[in-house]
Amino acid sequence: MAPASLPAPAPGRVELLKAFEESRTGVRGLVESGVSSVPDIFRHPDPYASIPLAPPGKSIPVVDLSLPFPAAAAAAASAARSWGFFHLVNYHHVLPSPADDDYPPCVLAAVRAFNELPAAERAPHYGRAVDGGVNYSTNVDLYNSPAASWRDTIQVMLGPNRRPDLASRIPAVCSKELLEWEARATAVARAVMGLLSEGLGLGAAALEEASCVEGKVMACHYYPQCPEPERTMGIVPHTDPGVLTVLAQDEIGGLQVKHQDDDGRSCWVDVKPVPGALVINVGDLLQIMSNDRYTSVEHRVTMNTREDPRVSIAIFFSPGKRGDSVFYGPLPGLVPSEDPPKYRNFTMDEFFKTFFSRDLASKALIDHFKV
């Protein structure tokens with residue numbers, strides 16, 4: 001059911017969505033059926049219009065984790081302020097021992113393997129319920145958005161309330177790899193949060209002490225080849241809701257970040273895959289907690305024209321301490337009298353209810369908590 005703030009889908013569209021859901025095979029199932037055009041529920045009106053692409057050669061910053069800590073912290077803070085995104089390189093020394101160089105390629109391959117199982121083997125996993133800790137579906141906002149996007153997703157709830165039987169609920173073809181990647185990505189997130197906390201002048205432990213490494217959701221996206229890539233999108237422009245996102249992507253590409261230059265002009269910048277690099281981005285909650293010192297920026301995934309599907313794995317980190325008496329907002333050490341808080345305090349329950357009450361492309365989440 002669409003929330004009150006959104007127009008209800010047209011009756012005919014609702015029936016099309018239900019029919020698509022009942023197939024239980026996702027966008028990959030459409031491709032397997034041999035569709036030669038994009039179905040109406042996936043068509044976006046002029047999806048790549050308005051804001052231009054950046055000139056060739058423009059890219060997000062690179063942060064080198066092998067630099068001395070003060071230099072790496074300064075680079076990460078600068079990137080988080082001006083771009084909200086950066087490539088992270090030379091991070092292997094922070095991984096749990098032994099650091100296996102087969103990651104992330106082997107976990108990306110495992111996600112691809114699940115999505116390319118026969119439809120009859122994928123279908124039992126399809127559904128939107130999250131109480132089991134794992135789901136496989138098409139578009140978290142399928143019934144709220146005006147047009148669906150061309151991707152399927154395995155979503156895994158990793159924390160703070162982790163099911164003891166989680167490993168057995170993840171599809172067997174990728175369970176071991178996803179959980180091993182979680183441990184590696186969590187070590188990366190802890191290191192990056194240390195850099196960003198230091199960059200705020202609060203000391204390296206501030207974000208971790210605020211439990212920001214404890215809340216974790218993994219989204220394993222599979223973008224099948226598309227018969228009409230100009231008519232749909234992989235993911236619509238949006239911002240991430242949490243504190244920090246750690247993204248592993250394959251070599252296909254398609255991620256783009258909206259960047260505004262010093263003259264206020266915006267453009268879409270390609271985040272081309274860099275061998276050996278992860279992509280890190282600031283989420284809405286970190287923009288709030290940093291009192292706007294760090295920026296959560298819009299990004300999207302375009303459809304590629306290659307026959308190969310795209311695979312990416314994002315882990316969204318957020319505070320794990322929750323409850324009616326636990327509040328979040330601008331970190332206290334950031335709010336001197338001459339720089340008052342720009343946001344009110346709130347519980348994580350209110351934060352996520354606000355997030356899930358709108359379609360993914362809505363920009364209302366941060367605005368909802370402004371003073």
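## Close-up views of a predicted model

**Figure 1. Strand S7 and strand S12 pair in the antiparallel sense over 6 bridges.** Strand S12 covers residues 310-318, and the model shown here and in the other views is predicted. Within this pairing, Val246 stands opposite Ile315 in S12. Strand S7 also pairs with strand S10 (residues 278-282), again in the antiparallel sense, over 4 bridges. In S10, Asn281 is the bridge partner of Thr245.

**Figure 2. Strand S7 is covered on both faces.** Strand S7 is made up of residues 244-249, and 6 of the 6 are buried, so the strand is largely enclosed by the rest of the structure. On one side lie Leu244, Val246 and Ala248. The other side carries Thr245, Leu247 and Gln249. Val246, which stands opposite Ile315, and Thr245, which is the bridge partner of Asn281, thus belong to opposite sides of the strand.

**Figure 3. Four strands form an open sheet in the order S6-S11-S8-S9.** The pairing in this sheet is antiparallel. Which strands lie at the edges? They are strand S6 (235-238) and strand S9 (266-270), each of which pairs on one side only. From one strand to the next, the twist averages 20°. Strand S6 is joined by 2 bridges to strand S11 (residues 299-301), and these two strands run antiparallel. His238 stands opposite His299 in S11.

**Figure 4. Pro47 is a buried residue in a loop.** The loop runs between helix H2 (26-32) and strand S1 (62-64). Is Pro47 buried or exposed? Its relative accessibility is 14%, and the cut-off for a buried residue is under 20%, so Pro47 counts as buried. Leaving aside residues up to four places away in sequence, Pro47 touches Glu230, Arg231, Thr232, Met233 and Arg300. Pro47 and Pro237 are 190 residues apart in sequence, while their C-alpha atoms are 9.8 Å apart in space.

**Figure 5. The count of aromatic pairs in the model comes to 10.** One of them is formed by Tyr103 and Trp181, whose rings are stacked, with 6.5 Å centre to centre and 0° between the planes. Tyr103 lies in the loop between strand S2 (85-89) and helix H4 (105-115), and Trp181 lies in helix H7 (residues 175-199), so the pair ties together parts that are 78 residues apart in sequence. Tyr103 and Trp181 are both buried. Arg184 lies over the face of Tyr103, at 4.2 Å from the ring centre.

**Figure 6. Tyr126 and Tyr136 form an edge-to-face pair.** The ring centres are 5.4 Å apart and the planes stand at 80°; planes over 60 degrees apart count as edge-to-face, so this pair is described in that way. Tyr126 is in the loop between helix H5 (119-122) and strand S3 (134-137), and Tyr136 is in strand S3, 10 residues apart. Both residues, Tyr126 and Tyr136, are buried.

**Figure 7. Ring pairs link four phenylalanine residues into a cluster.** The members of the cluster are Phe346, Phe351, Phe352 and Phe369.

**Figure 8. Residues 212-319 carry a domain annotation in UniProt.** The unreviewed entry places the feature "domain: Fe2OG dioxygenase" at these residues. The span is 6% helix and 44% strand. How far apart do the end C-alpha atoms of residues 212-319 lie? They lie 4 Å apart.

Terms used. Residues are numbered from 1 along each chain as its sequence is written. This is a predicted model: local features need pLDDT of at least 70, side-chain atom pairs count only at pLDDT 80 or more; totals for chains, interfaces and linings use all residues. Side-chain values use heavy atoms; hydrogens and water are left out. UniProt positions are given in the numbering used here, feature names are shortened, and annotations may be inferred rather than shown by experiment. Rings of Phe, Tyr and Trp (its six-membered ring) pair if their centres lie within 6.5 Å; planes under 30 degrees apart count as stacked, over 60 as edge-to-face and the rest as tilted. Buried means under 20% relative accessible area, exposed over 50%, partly exposed in between (1.4 Å probe, protein chains only). A charge sits over a ring if NZ of Lys or CZ of Arg is within 6 Å of the ring centre and within 35 degrees of the ring normal. Contact means heavy atoms within 4.5 Å. Two strands pair if DSSP finds at least two bridges between them. Axes are lines fitted to C-alpha atoms, for helices over the stretch in contact, and angles run from 0 to 180 degrees between N-to-C directions.
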